[in-house]
Amino acid sequence: MPQIDTEVLSSYPPPAAFADAANATSDLYDEAEKDRLAFWGAQAERLSWETPFTDVLDWSDAPFAKWFVGGRLNVAYNCVDRHVEAGHGDRVAIHWVGEPVDDERTITYAQLKDEVCKAANALTELGLVAGDRVAIYMPMVPEAIVAMLACARLGAMHSVVFAGYSASALRARIEDAEAKLVITTDGQFRRGKAVSLKEAVDDAVRESGSERESTVEHVLVVRRTGIDVEWTEGRDLWWHDIVDPASTDHTPEAFDAEHPLFLLYTSGTTGKPKGILHTSGGYLTQSSYTHFNVFDVKPESDVYWCTADIGWITGHTYIVYGPLSNGVTQVVYEGTPASPDEHRHFQVIEKYGVTIYYTAPTLVRTFMKWGRQLPAEHDLSSLRLLGSVGEPINPEAWRWYRMAFGSDETPIVDTWWQTETGSAMISPLPGVTTCKPGSAMRPLPGISAKIVDDDGNQLEPGTDHGEQANGYLVLDKPWPSMLRGIWGDPDRFKETYWSRFAEQGWYFAGDGARYGKDGEIWVLGRIDDVMNISGHRISTAEVESALVGHSGVAEAAVVGATDDQTGQAICAFVILKAHHADTPQEQMVDELRKQVATEISPIARPREIHVVPELPKTRSGKIMRRLLRDVAEGRELGDTSTLVDPSVFEAIRASK
Ligand code: WTA
C-alpha cells in the first residue's frame, strides 16, 4: 500500500469560473444532511416515472434494500425516448470512433431510439421476456450499447462479459446466469488486426463442461470485421438479418423500481466469480445524479468521454446509464490508446472537442511514460474536467494528469466506488471541493461512509500517518444504487459484505483507508485476496485455480505485488509435480502463463512465475501470502515465527 504523506501535499481549490457555473454547489451537502431520504426522493424525480413511488426506502429486510417502493419506470425510456420527446432527437448521443482510423459513426438520440426499438422488437421475436438473462460479449461497438438498452427496455437482464475474457470465463458466466441468448460479434479489431470473438462463444456454448444442456437458445452476431465464422444453423443469427429490418415502433413497458436490470460478474476472494445484481430505479437514480454532479455535465455543450470498456461497471454506469439518462453527447472509442500509435487519445480529444475525460490511473501512468511531448503536440484546450477511477491515483500521476491534460487548471474528480456500489460514492464535487492529489476526498451528498477499526470505532481524522491509522472503509447507510445481491446466492451476499460488521449493519467494501488531517478519505486499496491490476479486479484464488488446472502443477500461490505501471502485478509461486522435474523451467513458465490467459483472460497473465520447491505455510496449513508479497516486492521478510519451516524462503529466494 502506498504511504503518502498528506501533510506536505498542496491542495487545489476549484477555479472560480468553474465553481460559478457548476451544476453542484455546497447546498447539496446541506440538503442531504437535513433529510437524506427526502434528498434521494428529489434525485429520483430527475427521472421519468410511469407510476410515482410511495416510499423512498424500505430497509426492513436489510441487507436486501428496496428503493423507491411502488414506483414503476422503464430504464431505456429514461435513457433515450424522453430526450427525443423533449425535442433533443437531433442531439448526438454517440460519436463512435472505431479502432481503424476513419471508421467513425455519429448517432443521434433519435437514431439511437430507432436502433433500440428495432433490437427490442427482434429480441421479443426470439422469445425473450422480462426476467430472462442475456449475455453480451462484444467489443466497444454501438450495437453493444443498443443491446444493453434493448434488454433494459424489455426488462431482460444483461450480463455483459468483457470481450477480453476467455471462452471458459464466458462459459462460467453464461452457465451461472442460465442465459438464453448470447449477443456477440464475428470478431474484433485489436491493434489493427481482426481477431475472432464468436469462436469463443461457440466454445463456451458447445463445450458446456457440465452435464446440463446449454441454456443458450440463440447466438446473435453483429458483423464487425467480416472474418469467417463457423455457423450453427437454427441457433446462430445475424444482427443485420433480424434487427435491421425490425420495426422502429416499440412501446416501452414500465417495470417495478426493484425489477432486476443487470448482472455483472466480479472477482471475489474465491475462485468463483460473483454475479452482482443491480435493479432499476435506485441504480438509475444514483447513476444519473452522480454523473450530473460529479462530471458537471451540460448536455447542450459538453462532449464527454469515458475510456472504460462496457465489460466493467464503469462502462455500465458512466458510458451507458449515467450519460444517456442525462442526454449527454459522448465519445465511445473501440480501440486501445496506442492504436495505431500513442497519439490516438489526443487526436480524438482534439477532433471532437472533448470537454470531460474520465480514465484510470494506470493509463495516466502509461501516458507519463510515453512523455509530456505527446499531449503537448495537441490542442487539448477543450478539456475542462478530468476524472479518475479504478485504483488510488498516486499524487505524482494526479499532478501530471492535471498539467499535461488540463493546462494545470482543470479540476480532477477521483471517484471511489465499486461494481457493488453501482455508482460513485466518494468523490470531490468539481465546483465545490478543494482537492488533495491522491485523495477521493469525501462521501458524495446522500452517501455515508466511515473508516473504522477492528471493533467498528470510527478513526480520528488527522491522527498520525503511520500504519496504525489505517482502518476499514465501511458504508454505514444504504444507498440507492447498492447491489441487491449475488445472483443465486443470498448467503454469500450476506457473508461477503455484511458479516464483518454484522452487529452494526454496515457494508464492508474490502478496502483499507485512512483519514487525512482535514477529515478527507485516503483509500489505500484492497485488503482481501483481490488484486487490482490496471484497475481490473482479479482474485488470487481464480489465478491459483487456473494454475493448478495445469497437469504439471502440484500447488500454486498468487500474490499482487506493487507495480509502477499497473498498480499491482500478478506474481505466482508454483510447485511442480515430480514428473515435470525434467521439463525446462522456461517452457513450463511459458505454458503456465498461457494457461492463465486461456482460463481467465490475458489481463490475468502473471508478470512473474517462480518455480519453487515449497510454499511458506502456517502450522494450520494456510499459505502465508503476506510473506510471499515481501518476497515478490524484494523486502525483508516480516514475522516468520508462525511458519512450519522458515528455511523455505532461502529456497524460494534462490529460485527468483
Ligand atoms: C478500487 C471500479 C482508490 C477499490 C469502479 C475498489 C479505487 C475497487 C478507486 C472496485 C479510487 C476504485 N481510489 N481505489 N478512486 N476506484 N478503486 O468493482 O479497491 O472494478 O474496491 O469498480 O477498485 O473495483 P471495481
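**An open sheet and its surrounding helices**

Helix 6 (residues 142–154; helices are DSSP runs of H or I with at least four residues, strands runs of E with at least two, numbered from the N terminus) has 13 residues and reaches 19 Å from its first C-alpha to its last. This is close to the 18 Å expected at 1.5 Å a residue, the expected span being 1.5 Å times one less than the number of residues. The model is predicted: local features need pLDDT of at least 70, and side-chain atom pairs count only at pLDDT 80 or more, while totals for chains, interfaces and linings use all residues. Residues are numbered from 1 along each chain as its sequence is written, and side-chain values use heavy atoms, with hydrogens and water left out.

Because 13 of the 13 residues of helix 6 are buried (under 20% relative accessible area, 1.4 Å probe, protein chains only), this helix is largely enclosed by the rest of the structure. Just after helix 6, G155 adopts a positive phi of about 75°.

Eight strands form an open sheet of mixed pairing, in the order 12-11-8-6-7-14-15-23; two strands pair if DSSP finds at least two bridges between them. Its edges are strand 12 (236–238) and strand 23 (485–486), each of which pairs on one side only. Within the sheet, strand 7 (residues 157–160) and strand 14 (residues 260–266) pair in the parallel sense over two bridges, and F262 in strand 14 is the bridge partner of H158.

A separate pairing joins strand 9 (residues 187–190) and strand 10 (residues 193–196), antiparallel over four bridges, with G187 opposite S196. Two residues lie between the strands of this hairpin, where R191 takes a positive phi near 50°.

Key. Buried means under 20% relative accessible area, exposed over 50%, partly exposed in between (1.4 Å probe, protein chains only).
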